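I am opening a fresh page for this structure and will set down what I looked up, entry by entry.

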Amino acid sequence: MYPNIFNKLFLLLPLAYRPPTNDDDRLPNADWNFVENGADWEGTCATGLRQAPIKLSVDSSLIAPLPRILFENYDEKLNSPLTLINKGYTVKMAIPATRNGRKPFITGGLLKGKYVADGVHFHWGSPESRGAEHLIERTRHDVEMHIVHRNLRYKDMAEAIHHADGIAVLGIMFKIVKNPARVYPGLKKIFTALPNIVEYHGETELLGPLTLGQLLGDLNTHHFYTYKGSLTTPGCNEAVIWTVFARPLPIPLSDIHNLWQLQDSNGNPIRNNYRELQPRNNRHVFYRANKDVNDFYLG
Ligand SMILES: [Zn+2]
């Protein structure tokens with residue numbers, strides 16, 4: 001009798017033992033989530049005096065004659081595949097080279113040198129709450145898109161996140177409107193593909209052509225806030241020069257609705273995936289307005 005039981009236990013042992021996973025994408029989800037907007041991130045997020053996001057307002061900014069942001073190769077068609085991935089905490093697309101072998105990059109603002117586009121992802125709320133990361137004039141917009149760029153001085157993102165000037169992120173706000181006067185074809189491509197990747201690790205290919213500039217729609221890029229901050233997801237490295245455009249783009253509810261349907265690794269909807277506001281700690285925030293003073297005051 002004993003040998004028999006022992007035999008059964010022995011056979012069950014391999015089932016009880018689960019080897020550690022090597023899948024890097026799973027690690028963030030195992031360690032942190034957005035349930036408390038980052039309040040439960042202690043230990044996984046770097047701490048320091050230049051964390052992001054923060055509140056932005058013209059009154060608390062230095063109005064500076066900064067150069068405008070220049071978008072190089074943003075009007076060139078991107079190579080395929082254009083793969084949209086459900087990461088469990090956001091939806092992300094890596095930005096490939098253009099069809100003529102170049103990389104979109106930006107210069108200007110507070111940036112010294114060239115920053116090459118690496119990826120785009122989104123932060124959103126829920127049907128009951130807005131989910132942008134930065135507050136602009138006390139307003140939290142519905143959605144915030146981040147286009148992440150790497151300083152060309154550094155060979156990859158892994159290296160760039162360890163340098164104070166390693167990364168430049170463009171923040172673009174979206175505002176839900178009932179019947180937008182215009183449709184932005186690039187953004188439409190992304191939002192209408194989301195139902196294909198509702199589940200965690202879902203991947204779908206966007207049908208080209210797509211330029212990175214199409215993701216900016218008709219955004220007014222002359223007005224922006226800029227400051228030195230951090231990543232807003234672990235490890236929150238203080239490596240980011242933020243450029244946040246002041247005006248939101250109007251997006252139909254049906255597009256934003258598709259973001260709310262995306263699921264995390266537990267099958268729960270990804271909602272409110274923004275980090276809580278961080279202390280400004282006497283940092284300078286610069287605001288760039290048009291040279292035309294009237295245009296500035298008209299907002
Ligand atoms: Zn982000």
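**Entry 1: Phe-286 and its surroundings**

I began with Phe-286 and asked which residues it touches once its neighbours within four places in sequence are left aside; the list reads Ser-61, Leu-62, Ala-64, Leu-66, Leu-110, Phe-224, Tyr-225 and Thr-226. I note here that the model is a predicted one. Phe-286 belongs to strand β16, which covers residues 286-288. I then took the distance to Ser-61, and found the two C-alpha atoms 5.2 Å apart although 225 residues separate Phe-286 from Ser-61 in sequence.

**Entry 2: strand β13 and its partners**

Three of those contacts led me on to β13, which spans residues 224-229. I find that β13 and β16 run antiparallel and are joined by 3 bridges, with Thr-226 standing opposite Phe-286. I also looked up β14 (residues 240-245), which is antiparallel to β13 and is joined to it by 6 bridges; in that pairing Lys-228 stands opposite Ile-241. Is β13 largely enclosed or not, and why? I counted 5 of its 6 residues as buried, so the strand is largely enclosed by the rest of the structure. In the loop between β13 and β14 I came upon Gly-235, and the peptide bond that leads to Gly-235 from Pro-234 is cis, with omega near 0°.

**Entry 3: the zinc ion**

Which protein atoms are the donors of the zinc ion? I have NE2 of His-121, NE2 of His-123 and ND1 of His-146, at 2.0 to 2.1 Å from the ion. The spacing of these donor residues in sequence is H-x1-H-x22-H. I checked the burial of two of them: His-121 has a relative accessible area of 17% and is buried, because the cut-off for buried is under 20%, and His-123 is buried as well, at 3% relative accessibility.

**Entry 4: the nonpolar cores**

I next looked for nonpolar cores, and the largest has 49 residues, with Ile-147, Ile-172 and Phe-174 having the most contacts inside it. Strand β7 (residues 115-124) gives the most to this core, namely 5 residues. I listed the contacts of Ile-172 beyond its neighbours within four places in sequence, and these are Val-143, Glu-144, Met-145, Ile-147, Leu-216, Leu-219, Phe-245 and Leu-249. There is also a second, separate core of 23 residues, which includes Val-58, Val-148, Tyr-227 and Ala-246.

**Entry 5: helix α5 and the cavity**

In helix α5 (residues 253-260) I marked Asp-255, Ile-256, Asn-258, Leu-259 and Trp-260 as buried. I then asked what covers the buried residues of α5, and the cover includes β5 (91-94), β7, β10 (143-151), β11 (167-177), α4 (185-193) and β15 (249-252). Asp-255 turned up again when I searched for cavities: I find 1 cavity of 30 Å³ or more, holding about 50 Å³ of space. Its lining consists of Pro-180, Arg-182, Val-183, Tyr-184, Leu-187, Lys-188, Ile-251, Pro-252 and Asp-255, and the elements that give two or more residues to it are α4 and β15.

**Entry 6: an open sheet of 3 strands**

I traced an open sheet of 3 strands, in the order β1-β8-β9 and with mixed pairing. The edges are β1 (55-56) and β9 (139-140), each of which has a single partner strand, so one side of each is left without a neighbour in the sheet. Strand β8 (residues 135-136) is antiparallel to β9 and joined to it by 2 bridges, and Leu-135 stands opposite Arg-140. In the loop between β9 and β10 I looked up His-141, which is buried at 11% relative accessibility. Leaving aside its neighbours within four places in sequence, His-141 is in contact with Arg-130, Gly-131, Ala-132, Met-173, Phe-174 and Pro-248.

**Entry 7: backbone exceptions**

I kept in mind that most peptide bonds are trans and that most residues other than glycine have a negative phi. Ahead of β1, in the loop that follows α2 (26-31), lies Pro-53, and the bond from Ala-52 to Pro-53 is cis, with omega near 5°. His-201, in the loop between α4 and β12 (203-206), has a positive phi of about 75° and is partly exposed at 30% relative accessible area. Asn-281, in the loop between α5 and β16, has a positive phi of about 55° and is partly exposed at 35%.

Technical notes:
Residues are numbered from 1 along each chain as its sequence is written. This is a predicted model: local features need pLDDT of at least 70, side-chain atom pairs count only at pLDDT 80 or more; totals for chains, interfaces and linings use all residues. Side-chain values use heavy atoms; hydrogens and water are left out. Donors are N, O and S atoms within 2.8 Å of the metal (3.2 Å for Na, K and Ca); water is not among the atoms, so sites may look incomplete. Buried means under 20% relative accessible area, exposed over 50%, partly exposed in between (1.4 Å probe, protein chains only). Helices (H or I, at least four residues) and strands (E, at least two) are DSSP runs, numbered from the N terminus. Contact means heavy atoms within 4.5 Å. A nonpolar core is a set of buried Ala, Val, Leu, Ile, Met, Phe, Trp, Tyr and Cys residues joined through side-chain atoms within 4.5 Å. Two strands pair if DSSP finds at least two bridges between them. On a 1 Å grid over the protein atoms alone, a cavity is a set of points where a 1.4 Å probe fits but cannot get out, and a pocket is an open set with protein on both sides within 12 Å along at least five of seven lines; lining residues have an atom within 4 Å of a point. Grid points are joined across faces, edges and corners, and a volume is the space filled by probe spheres set on the points.
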